[in-house]
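Reader: Got a minute to walk me through a model? I'd like to go over the contacts with you.

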4 protein chains.
Amino acid sequence: MSFIALSAQQTAELSQQLIDQGLIVAPESAKGRLLKSAARLFRTNGYERTTVRDLAKDIGIQSGSLFHHYPSKQEILRSVVEETILLNIETMKLSLSLNQDVRDRLYGLILCELQSILVDNGAEMAVLVYEWRGLNDENQSEILKLRDEYERLWIDVLEEAREQNLIVIPPAMLRRLLTGSISWSINWFKPDGDLSLEALAEMILSMALNTSKP
Amino acid sequence: MSFIALSAQQTAELSQQLIDQGLIVAPESAKGRLLKSAARLFRTNGYERTTVRDLAKDIGIQSGSLFHHYPSKQEILRSVVEETILLNIETMKLSLSLNQDVRDRLYGLILCELQSILVDNGAEMAVLVYEWRGLNDENQSEILKLRDEYERLWIDVLEEAREQNLIVIPPAMLRRLLTGSISWSINWFKPDGDLSLEALAEMILSMALNTSKP
Amino acid sequence: MSFIALSAQQTAELSQQLIDQGLIVAPESAKGRLLKSAARLFRTNGYERTTVRDLAKDIGIQSGSLFHHYPSKQEILRSVVEETILLNIETMKLSLSLNQDVRDRLYGLILCELQSILVDNGAEMAVLVYEWRGLNDENQSEILKLRDEYERLWIDVLEEAREQNLIVIPPAMLRRLLTGSISWSINWFKPDGDLSLEALAEMILSMALNTSKP
Amino acid sequence: MSFIALSAQQTAELSQQLIDQGLIVAPESAKGRLLKSAARLFRTNGYERTTVRDLAKDIGIQSGSLFHHYPSKQEILRSVVEETILLNIETMKLSLSLNQDVRDRLYGLILCELQSILVDNGAEMAVLVYEWRGLNDENQSEILKLRDEYERLWIDVLEEAREQNLIVIPPAMLRRLLTGSISWSINWFKPDGDLSLEALAEMILSMALNTSKP
DNA sequence: AATGAATGAGCTTTCATTCAT
DNA sequence: TATGAATGAAAGCTCATTCAT
């Protein structure tokens, strides 16, 4: 395959750019550590089952002190979700810019989403998928706008694939089926197991493309 | 396609048998209505966000009266989940007994799972998929045994398909991808929309089988 | 010692008389069994900690059925306490009528109270002593009248003892000290142990009489 | 009599020492006031009949705030009981260290226990005696160890008395009779009445010693 | 008499949030 | 910024009692 992956350096630069633009907070800052903790706990125990005391304890402060950083628990969830989408959008855009072949472009999106959901620091994505209901109505619609942008990237690539007769299922529908397959992996994938992320991505790609794996 | 679907009568008879064996409660009984309500509310709002007062109000009794039927909220969740799996196992077995062709057999499983998760009385399945963490440890392992039996049915059919070279992805892995695709449908499928359950099932089948839809 | 004890037959006749007069219920009747159960449970777990469901279960009926026999849980407690005092008063009167010597008379009272509190079917007395606060105000004052009659018997005998210089502590005060010693025995006396009820009664007598045990 | 009583200053110093060692909480602290309140209410109404709302109201906070100080109502009871025994043990040891004559030593123990149970700040002792069953099993056995140490002090003094032929009833038995007499006093003694605590202690002593009051 | 479903007030406890220090 | 005591609404659950059958 001709796929060009993102280098670690490119990923790091991207994060730094977003931090500089004020779109996401620096991970080593107090707020950053809080968000990381929150993502992990929300993912492990669920939003409701995670108390602000759990959160505070996890980063070594008192529960009351949390509210100096964020006005409410709800806002913490919103930040976790928002930052994740923002980072994912930019990462995916970068990957697309490096690859022209539609197979590679689709593979890149799959890999990116898997990485976001499965690798160590990707707890936030799981929250995005499974703690959707934890957001109140206002926040849901706000996040929805970002989500539309995110999904647009997927649909565009799938439309390309359709034009080249690589897929038979309508793009919007296929995206939904893939979303399910990819997000569900959080329930079974073991990062230290035999199966690599790349191998999993290829399986999903082969399923999507409806052709035998090369 | 040569697929033989379950008739409404067969489904009804199956439910009645399970009721007679004491494995599930009659849906028109007090307990039955409670479980139905619980499944719907748990699905809509999540287990944690559903209070016993909500539940009681929904079926028109006082909150304290709930505990006349079930000793705890947790036990209600357990019952919802357990009954769903039991019913699904038997429904799937029946469907498998009616069809010999492996494509039909797989199509039957997909349809059955979709039906369970998407049609009006399928709220329980969503709970099974998404409220897993709501169960305490003891109940999780108890339910896990039933789940193994359920998954066995899927794996067996996928093994058959593999022997006939209909699928390229290893059965256990493919099942996981399908589980995700099918269960995620709860987040977007509209029962009253243009897409029929059968059409959706066929799309998923075609994705699984890795061959063009006939 | 010249003490004349009550025979089993005399005790039985006494109970029968009270039953015939309608002052206490027959122990083998439904109500009787209920009271016996209640006394035992109240004694073991306390009035508050004993639920009507516990009570019902103990005698093998449903909790709702209890209220065909007694209008409230409170009334059950009142009956237990009332019957106990009534029976004790009569038993003590009988014992006093059989003994003239003041040492014997006092010994009889002590033995009678110990018996009431310690022997197998004497759970009611413990309730009388320890579940006093479980009674509401109205019932407390009603029972108080009976209690006065009961205490009168003690005081009269202690006055006699005082006139004969057998005791040095004022009767009213001594009665209080003895009440404590006797009732506390419920917390440590083992009916099957080495110490007999009679030996214990003698120790208490010797303590009261302020003379060495003969 | 040659009895040397504890001075108010000595008592105060003892309390301070225990506070400094972290064994009991300062009475003027939030926790201290809570324990004091709890002891009084538990004594007056019983553990079960006292609600956490009663408790909170009594010290002027909201019921939820109680749990900032103690994790459960049960733990409040445990603390009340534990602190009482600890303080009593130390007070009794101090009294014993000041008196050599066995009569005086015994008189000191009696007085100390009476004081603990009857004077204004002695509600806790009543709880210890009468709310024993309110403790759960785990806490009962924990407290039991302290209680053994407490009882050891009594038994040792009674053994001395026996060696000097001052008592005729075996020490372990006599202690039980005295426990009853002393603890029962809570049900009748009026701190503002004619009878002084010291006079009551002497009566009990004379009853125990089996000799006329000198 | 007995059942068992239902009541409804009240229980202990949880928890996001506030605020004086 | 951080603390930690306090808030107060709401949670899950208990239980004496009622009542149609």
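Reader: Which helix gives the most to the surface near DNA strand E?

Author: That's H4(B), with four residues. Keep in mind that this is a predicted model.

Reader: And which helices each supply at least two residues there?

Author: From chain A it's helix H3 (52-59), and from chain B helix H4 (63-69). Chain D brings both helix H3 (52-59) and helix H4 (63-69).

Reader: Which residues come nearest to DNA strand E?

Author: Out of 31 residues around the strand, Val52(A), Ser65(B), His68(B), His69(B) and Arg53(D) come nearest.

Reader: What's Val52(A) doing there, in terms of atoms?

Author: One of its backbone N or O atoms lies 2.7 Å from a phosphate oxygen of DNA strand E. Over in chain D, a polar backbone atom of Val52(D) is 2.9 Å from a phosphate oxygen of that strand.

Reader: OK, and Arg53(D), what does its side chain meet?

Author: A base oxygen: an N or O atom in the Arg53(D) side chain is 3.4 Å from a base oxygen of DNA strand E.

Reader: How much of the strand's share within 4 Å of the protein is sugar or phosphate?

Author: 53% of those strand atoms belong to sugar or phosphate, and the rest to bases.

Reader: How does the protein surface there split by class?

Author: Near DNA strand E you get 19 polar residues, six nonpolar and six charged.

Reader: Switching topic. How many residues are in contact between chain D and chain C?

Author: On the chain D side it's 36, and on the chain C side 35. In chain D, the residues that lose the most area to chain C are Arg133(D), Trp184(D) and Met207(D), together 25% of what that side buries.

Reader: What area do the two chains bury between them?

Author: About 3,000 Å², with 64% of it on carbon and sulfur atoms.

Reader: How many salt bridges between chain D and chain C?

Author: Two. In one of them, the side chains of Arg49(D) and Glu48(C) meet at 1.6 Å, N to O.

Reader: Which chain D helices each supply at least two residues of the side touching chain C?

Author: Helix H2 (30-45), helix H7 (123-130), helix H9 (171-184) and helix H10 (197-209). H9(D) has the largest share, nine residues.

Reader: And what classes of residue are on that side of chain D?

Author: 17 are nonpolar, twelve polar and seven charged.

Key:
Residues numbered from 1 in each chain as written. Chains lettered and ligands numbered in written order. Predicted model: local features only at pLDDT ≥ 70, side-chain atom pairs only at ≥ 80, totals over all residues. Heavy atoms only, no water. Near = heavy atom within 4 Å. Polar contact = N/O pair within 3.5 Å; in protein donor to acceptor, adjacent residues only side chain to side chain. Nonpolar A, V, L, I, M, F, W, Y, C, P; charged D, E, K, R; others polar. Contact = heavy atoms within 4.5 Å. Buried area = accessible area lost by both parts, 1.4 Å probe. Salt bridge = Lys/Arg side-chain N within 4 Å of Asp/Glu carboxyl O.
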